Amino acid sequence: MSKDDEVRINETMKQIMVLFPAEGRGLKDAIQNQLMSAFANGPARANLSKLLSIGGIHIGGTQRRHVERVYLLAERVLGKRTDVQMATCKQIADSLTEAQLRGLVVGWAKSVAATPPGGTVQIAESFNYGPADAARRAEAAVTKAKRILGDMYQGIAAAKADAKERTRFERWFGPMEATRYDTVRRNVETMFRDVTTRPLKLYYRGAGVTRKPNDQPGSFYHDPDLPLTEELGNYGCFIPGFPRGGAERDRTHILLGGAFFADCQVVSHPTDVFKMSAAGVIIHELSHALCATNDEKNAKGQVLYGPPKCLAIAVAAPATAVTNADSYRLFSDEYDGASV
């Protein structure tokens, strides 16, 4: 697969949100899932890129050409069309106006929206002891984290050819060296795949849970018979070790402390030390749970939390940045609220 192939696919993915800002998010996420699974290998992606190569001159101009590419991408990836069927789709597309093509794409978006998303969020019993909106806020943070992780993965895939994406990467992980690049890309893919295909269970550990019955499953590190305690100063914590048996083994478990509900912003900024996004906390903990990241320390023994320390470590010791959980959180903030 050539660099031009990847550029063409990424450009079409970006155009989904440009052309369909109201309906495109779910469609983009659904296509991204397939690009990371059924169309992950080189030959499959090269064939997909060839399909999207519809010529530089087209009746209706550049925008119509982008709409047609989005339509063809949806038919191939979500519709699982064969080569013969795609030839027919191309013939149909060539005969339609831009407005008609837009209608077909919106139809795909509605179809995706009507399908329950992969990866469910499960709310533990301890949320009954917290504020009435605690569960809603936690679920909203996971929903946003899913979207951001999809955008992160697309951004990393484009980083070798896109100067903006390369700058984002290098700000948090240092110069784009092959091993570091592959590790970060693999970690982001792992997190995105997990939250979109496997259950994620959340536990409330804010004010009001002290001495309440424990709802955390037993693991190698935890006794479920101990009563709950408030963790007011913590944003989040993943549950290490495999839970003991049953369905609990087949999901990821994250505790959300009092600081998550008291201090987290809806939108944050990667260079503002006073803001912590709720979605960013989820991504920080997912990196611990799924990618074996750590809360690393710098040469002064300071834990690498927050923009100043993480920016500095990307310059001084980029190999450490790749294994530092908060570097992934801050990298994710680069995509917070952005349509990329």
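This is a short talk on the aromatic pairs in this structure, and on two charges that sit over rings.

Okay, so keep in mind that what you're looking at is a predicted model. The structure has nine aromatic pairs, and I'll walk you through two of them.

Let's start with F127 and Y204. Their ring centres are 5.7 Å apart and the planes sit at 50°, so we call this pair tilted. To be stacked, the planes would have to be under 30 degrees apart, and edge-to-face needs over 60. What I like here is that the pair links distant parts of the chain. F127 is in the loop between strand 1 (121-123) and helix 7 (134-158), while Y204 is in strand 2, residues 200-205, and the two are 77 residues apart. And are they buried or exposed? F127 is buried, with a relative accessible area of 7%, and Y204 is buried too, at 3%.

Next up, F173 and F331. This one is edge-to-face, with 5.4 Å centre to centre and 85° between the planes. F173 belongs to helix 8 (residues 163-173) and F331 to helix 14 (residues 325-333), so the pair ties together parts that lie 158 residues apart in sequence. Both F173 and F331 are buried.

Now zoom out a little. F173 and F331 are in one aromatic cluster along with F169, Y181, Y328 and Y335. Y335 has a charge over its face as well: that's R168, at 4.3 Å from the ring centre.

Last one, if you go over to Y129: K212 lies over the face of that ring, 5.4 Å from its centre.

Terms used
Residues numbered from 1 in each chain as written. Predicted model: local features only at pLDDT ≥ 70, side-chain atom pairs only at ≥ 80, totals over all residues. Heavy atoms only, no water. Phe/Tyr/Trp six-rings, centres within 6.5 Å; stacked < 30°, edge-to-face > 60°. Helix = DSSP H or I, 4+ residues; strand = E, 2+ residues; numbered from the N terminus. Buried < 20%, exposed > 50% of the residue type's maximum accessible area, 1.4 Å probe, protein only. Lys NZ or Arg CZ within 6 Å of the ring centre and 35° of its normal.
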